[in-house]
Every structure is written in structure tokens, then in C-alpha cells.
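Got your viewer open? Let's take a walk through this one together, picking things out as we go.

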Amino acid sequence: MKKGVPMSKKPYTFKLFCLFNFILLSMLNLNLSYATTHCATPTGTGTGACGSSPASLVDAVSLAIPGDTIRLAPGTFTLSSTLSFNNDNVKVIGSGVGSTTIDCNSLASGSDCIEMVGMITSSFEVSHLTIDSTNTVGITAVGTDPTVSNIKITGTSDEALYLEDSESEVKFSVIEGKSISLRNSSAIIHNNILTGDGGGYGVKSMTEATGHSRNKVIKNTLTNFSTAAYFDNYGYDYSIIHQNRIDDNNVGIFFRQWAGLISNNLINNNSMAIYIGMAESYNARIVYNTIADNNNLIGMGIYNTAYDFAPGNTF
């Protein structure tokens with residue numbers, strides 16, 4: 001006769017199995033079934049219930065917990081103070097660029113329109129809306145890694161986005177006015193259109209002596225800046241500037257970093273196409289770019305003779 005677990009012990013074993021799984025799920029905080037969608041309208045005063053009782057934007061943000069989504073109706077949401085997010089894993093989704101607008105023009109000069117500081121996860125998302133911020137930073141993220149997609153930021157007198165200690169992704173967006181500023185970050189900036197006002201920077205990457213910057217700037221259009229792509233980084237880091245259209249700027253690319261790849265870009269009609277700065281750019285490779293109709297081709301900082309201007313570029 002085949003031996004097995006005595007019948008008297010099977011219920012006890014099953015109970016232990018159920019208890020173990022309950023404890024495991026609790027530890028992992030898998031509460032996906034409780035994720036809530038909060039709806040907000042420009043005139044909302046309700047509980048955030050979609051359809052029946054929409055909230056204001058500020059109240060919807062205060063209601064959101066990790067896993068929740070905030071959906072913004074068409075219209076203009078006017079802020080009187082910075083909109084601060086402190087919870088991870090929250091999505092803020094508008095009704096579309098040009099349909100949903102967050103107006104930050106009443107805020108004090110130099111303040112943040114939207115800020116995300118000290119979060120843990122990379123699943124925070126802002127998408128499908130316009131941020132109108134004449135005197136403020138559009139979005140500030142410090143120590144967190146949001147995804148910013150399909151938005152438009154206009155009228156910024158400071159940075160459109162300021163990302164510090166961040167591995168953010170910024171994609172499919174339109175930036176008008178000023179820069180995407182990266183400090184000690186390793187972000188991916190791709191498929192965006194950045195248009196300046198003749199000054200400032202398009203994408204600006206800077207690193208402190210103890211920090212790291214490994215940014216990727218890919219498939220963007222950068223036009224009408226003092227410097228379209230400005231990389232001034234310490235340390236043995238490697239950044240990539242690839243497949244961008246860079247035209248009608250004073251300087252197309254300023255690169256002062258130990259190593260990096262500048263490849264397959266269209267660099268056209270700039271006062272200077274590329275400026276390689278100082279000896280830190282020892283391992284910069286410049287390959288397969290189309291460089292045409294610039295007043296000057298390559299500028300060099302002091303002591304720099306080691307960049308690799310390899311075959312494959314078209315003039």
C-alpha cells in the first residue's frame with residue numbers, strides 16, 4: 001500500500017500553506033485590486049469619484065496612494081502653489097496636449113510648478129497634458145525616476161524639467177522656451193522637440209565631482225539655443241548623443257566628459273557644430289554624423305588633442 005500524508009495531517013498542512021501565502025502577499029504589499037482612479041476637473045469640489053463627484057487637482061493628489069491613477073478632464077487647472085507629489089507609483093494622465101493645461105503662472109518666480117522629491121520607485125508617470133509656466137520650473141524630480149511622456153511645457157523662464165540624481169525617461173514631448181537640466185543623472189531623453197528662444201541650453205548635463213552622469217539623448221530635435229546639447233561632466237562616465245537633429249543654434253554640441261559617443265546626428269546651420277572641451281574628453285567618439293552648413297566645424301578646449309573624429313561623417 002502506497003504511503004502518503006495521513007488524512008489527519010492534511011488539513012493542518014493546507015492551513016499552513018494558506019497562512020504562508022497570506023503572509024507573503026502582505027509582505028509584498030500586493031494590493032493591486034485596491035488601486036483607485038481619481039478624477040479631477042478645473043471646478044471639482046467632490047470626492048474624486050469619476051463621473052459623479054470629481055475633485056480639484058490638489059485634492060485628487062492628496063487622495064492618491066501608491067498604485068492610483070489621477071485623470072484630469074479637459075480644461076485649465078490653475079495652481080496657486082507648487083503641486084507636490086510624495087507617493088510612489090502614481091499616474092497623472094491628462095486628456096491630451098492642448099486639452100488639459102496646468103497653469104502655473106500665478107506662482108512665484110523661480111519656484112516649481114510640479115515637484116517629485118525623495119520617492120523610491122520609477123513608476124511615477126505624468127502624461128498627456130500641457131504645463132504653462134512662465135516664471136517657474138515646469139517639473140522638478142530629485143532622487144526619483146519619473147516617466148514624462150506626451151506633454152508640452154511652454155513659457156518657462158527657468159528649466160522646463162530639472163532632474164537630479166534621477167534615471168528618468170522623457171519622451172514624445174514638446175519643450176518650448178528653456179532646457180531639460182540634468183544633474184548627477186542617468187536619464188533617457190528621446191523623441192522630443194525642444195525649441196529655444198535664442199539663449200540657454202536645450203539639454204544640459206552637469207555632474208558634481210562625486211556624482212555620475214550617463215545620459216542618453218536620442219532622436220530629438222533641438223533648435224534655436226545658445227547651446228543645443230551641453231555636457232560638462234566629471235568622472236569616468238559615458239554619455240550618448242545619437243540620431244538627433246541639431247540646427248540653427250550658436251553651438252550644436254558642447255562636450256566635456258571623459259568618454260562618450262556622438263553619432264548619426266544631423267548637425268546643420270549652427271555657428272559651431274561641435275565644441276570638445278579640455279582633456280576630460282579623451283575618449284569622445286564622433287562618428288557617422290551629417291555635419292553641414294555650419295560656420296565652424298570643431299572647436300577644442302585647452303590641451304585636448306585626443307578625441308576620435310572617426311571616418312563615416314558626412315560634410
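**Stop one: the biggest pocket**

Start by selecting helix 2, because of what it does for the lining of the largest pocket: helix 2 gives four residues, the largest share. Keep in mind that you're looking at a predicted model.

Now add some neighbours to your selection. Pick residues 57–63 for helix 2, 75–78 for strand 3 and 83–85 for strand 4; each of these elements supplies at least two residues of the pocket's lining. Which residues sit nearest the centre of the pocket? Click on L57, V58, L79, S81 and L83, which lie nearest the centre out of a lining of 15 residues.

Try colouring the lining by residue type. You'll get seven nonpolar residues and eight polar ones, with no charged residues at all. And how much room is there in the pocket? Its volume is about 190 Å³.

**Stop two: zoom out**

Next, show the whole chain as a cartoon. How many helices and strands are there? The protein chain has two helices and 30 strands, so expect to see plenty of arrows.

Switch to a surface view. The accessible surface of the chain comes to about 15,100 Å², and 55% of that belongs to carbon and sulfur atoms. Of the chain's 315 residues, 46% count as buried. As for who touches whom, take the contacts between residues at least 6 apart in sequence: 49% of them join residues at least 24 apart.

**Stop three: N289**

Now hide the surface and select N289. You'll find N289 in the loop between strand 27 (283–287) and strand 28 (290–292). Is N289 buried or exposed? N289 counts as buried because its relative accessibility is 0%, and the cut-off for buried is under 20%.

So who is around N289? Leaving out residues up to four places away in sequence, N289 touches I262, S263, N264, N265, I267, G312, N313 and T314. Show two of those as sticks, N264 and N265. A polar atom of the N289 side chain lies 3.2 Å from the backbone nitrogen of N264. The N289 side chain also reaches the backbone nitrogen of N265, at 2.9 Å.

For a last click, select F315. N289 and F315 are 26 residues apart in sequence, yet their C-alpha atoms are 8.4 Å apart in space.

Key:
Residues are numbered from 1 along each chain as its sequence is written. This is a predicted model: local features need pLDDT of at least 70, side-chain atom pairs count only at pLDDT 80 or more; totals for chains, interfaces and linings use all residues. Side-chain values use heavy atoms; hydrogens and water are left out. On a 1 Å grid over the protein atoms alone, a cavity is a set of points where a 1.4 Å probe fits but cannot get out, and a pocket is an open set with protein on both sides within 12 Å along at least five of seven lines; lining residues have an atom within 4 Å of a point. Grid points are joined across faces, edges and corners, and a volume is the space filled by probe spheres set on the points. Ala, Val, Leu, Ile, Met, Phe, Trp, Tyr, Cys and Pro count as nonpolar, Asp, Glu, Lys and Arg as charged, and the others, Gly among them, as polar. Buried means under 20% relative accessible area, exposed over 50%, partly exposed in between (1.4 Å probe, protein chains only). Contact means heavy atoms within 4.5 Å. Accessible areas come from the Shrake-Rupley method with a 1.4 Å probe; for residues, only the protein chains shown count as cover. A polar contact is a pair of N or O atoms within 3.5 Å; within protein, one must be able to donate a hydrogen and the other to accept it, and residues adjacent in sequence count only if both atoms are side-chain atoms.
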